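Let's take a quick walk through one sheet with its helices, and then through some charged pairs. Have the chain open as you read.

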Amino acid sequence: MTRRHAWVDASAGIAGDMLLGALLDAGASLTAVQSAVDLVSGGTVRVQTREVTRGGLRALKAEVEPLVDDPPHRTWREVREMLERAGPGTRTAVAVFTALAEAEGRVHGMKPEDVHFHEVGALDAIADVVGCCVALADLDVSTVSAGPVALGSGSVRTTHGRLPVPVPAVAELARGWQVSAGGDGELATPTGLALLRTFARACEPLPPMVLESIGVGAGTRDPAGRANAVRVLVGAVEGVPAATRTASAEEYTPTESALLLEANVDDLDPRLWPGILTRLLAAGASDAWLVPIVMKKGRPAHTLNVLCPPGLAGALRDQIFRDTSTIGVRHSPRGKVALERLFADVTVGDTRIPVKVAHRDGLVVQVMPEFDDVAALARRQDRPERLVLLDAYAAASGAGLVVGAALPEKLRPEQ
């Protein structure tokens with residue numbers, strides 16, 4: 001089985017228009033991009049391209065021209081409504097703006113829904129995000145990775161006044177990724193980094209591939225001594241058909257970046273831990289758990305472990321300081337391999353029980369009835385939880401949710 005992979009070279013920085021130009025230069029259809037942008041914006045913005053040189057190298061400059069005067073600033077709620085009206089094909093664009101809203105919300109101390117996107121919320125930036133999402137799909141790219149990102153140095157003037165580079169939102173979005181200064185000025189914008197972190201599942205050197213196309217997207221400036229451009233290399237990666245392959249080390253390389261937060265605690269009432277873990281998960285942690293340890297002088301203690309997306313690390317770290325007695329939290333980058341998952345309802349008696357289904361390459365890998373719902377039904381029926389759990393597994397099997405079987409057609413994600 002062959003899949004198409006895109007590797008992004010952001011060693012000179014990244015912005016939304018730079019990445020869009022690179023994807024178009026790599027062969028994505030400008031017509032497809034414009035059609036999708038029209039669907040979201042109502043035909044109020046136009047995408048054009050022209051060839052330029054940056055640092056003596058040819059590049060494609062994507063230029064987004066609003067066709068209305070003074071595009072308004074928008075909150076994340078308003079941007080999301082625009083995208084949702086355009087239909088399910090904008091799901092990835094929603095994820096990009098979600099990452100932006102969460103980062104801006106953390107640095108400005110407000111809820112993501114209330115964040116006002118200034119340059120990001122204008123029509124040109126919405127076109128950059130939607131255009132990049134559609135361009136990747138048009139190139140038939142199924143996986144993306146990227147190298148380290150140059151963020152820049154110095155300071156930049158914004159709507160909030162003069163800020164140091166990297167600006168706070170960029171720094172938040174860069175958590176867990178390899179970065180460098182790379183030069184003077186703002187080299188990475190919040191929109192560009194949000195696109196990269198949404199698309200790219202690993203920070204890595206150029207992986208082995210059969211190279212098919214190369215795209216070079218230009219930034220606005222042309223500074224001396226550096227080509228202000230993003231490169232995208234698209235190629236074919238060979239694999240073994242899912243029905244015959246066996247797992248190998250290469251198949252299970254990390255596909256998502258994450259941070260692991262750790263804190264050693266030896267003076268907390270143990271009755272508080274269940275609530276602390278529950279609140280961390282409710283706040284967005286991917287997982288949270290305790291490991292018993294023995295500290296100095298033979299004192300029994302626990303290590304609190306919290307695995308989370310890099311963008312949530314700051315808020316979860318603050319929550320650890322607030323809810324526990326620790327005075328220090330360690331963090332380290334981790335690679336994470338995550339199976340695709342979805343929820344399906346099955347019926348046990350007259351009750352709907354949600355079942356989490358993990359799948360890969362169209363095959364069911366894990367089937368897990370939600371235990372809280374199983375326990376609630378067991379209490380209502382006055383039956384042992386283990387028997388209700390067996391009933392839930394049987395109902396899932398009857399619905400075609402069997403480990404190793406093909407994922408039922410009705411549950412397959414939209415292509």
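Which strands does helix α11 lie across? Helix α11 (residues 385–398) lies across β19 and β21, running at about 110° to β19. Before going on, a word on the ground rules: this is a predicted model, where local features need pLDDT of at least 70 and side-chain atom pairs count only at pLDDT 80 or more, while totals for chains, interfaces and linings use all residues. Residues are numbered from 1 along each chain as its sequence is written, and side-chain values use heavy atoms, with hydrogens and water left out.

Back to the sheet. It's an open one with three strands in the order β19-β20-β21, and the pairing is antiparallel. At the edges sit β19 (340–348) and β21 (363–369), each pairing on one side only. On average, neighbouring strands here are turned by 30° against each other, direction ignored. Between β19 and β20 (residues 351–360) there are nine bridges, and valine 346 has isoleucine 353 in β20 as its bridge partner. Helix α10 (residues 371–381) lies across β19, β20 and β21, at about 155° to β20.

On terms: helices (H or I, at least four residues) and strands (E, at least two) are DSSP runs numbered from the N terminus, and two strands pair if DSSP finds at least two bridges between them. Angles run from 0 to 180 degrees between N-to-C directions of axes fitted to C-alpha atoms, for helices over the stretch in contact (heavy atoms within 4.5 Å).

Now the charges. The whole structure has 15 salt bridges (a side-chain nitrogen of Lys or Arg within 4 Å of a carboxyl oxygen of Asp or Glu). Here are three of them:

| Pair | Closest N to O |
|---|---|
| lysine 61 – aspartate 17 | 3.2 Å |
| glutamate 172 – arginine 175 | 3.2 Å |
| arginine 299 – aspartate 266 | 2.8 Å |

Lysine 61 lies in strand β3 (residues 57–66) and aspartate 17 in helix α1, so this pair ties together parts 44 residues apart in sequence. Lysine 61 is buried at 7% relative accessibility, and aspartate 17 is buried too, at 16% (buried means under 20% relative accessible area, exposed over 50%, partly exposed in between, with a 1.4 Å probe and protein chains only). Beyond neighbours within four places in sequence, aspartate 17 also touches Ala62, Asp128 and Thr220.

Glutamate 172 is buried at 12%, whereas arginine 175 is partly exposed at 23%. Arginine 299 is partly exposed at 30%, as is aspartate 266 at 27%. Finally, Asp25, Glu51 and Arg58 are linked in a salt-bridge network.
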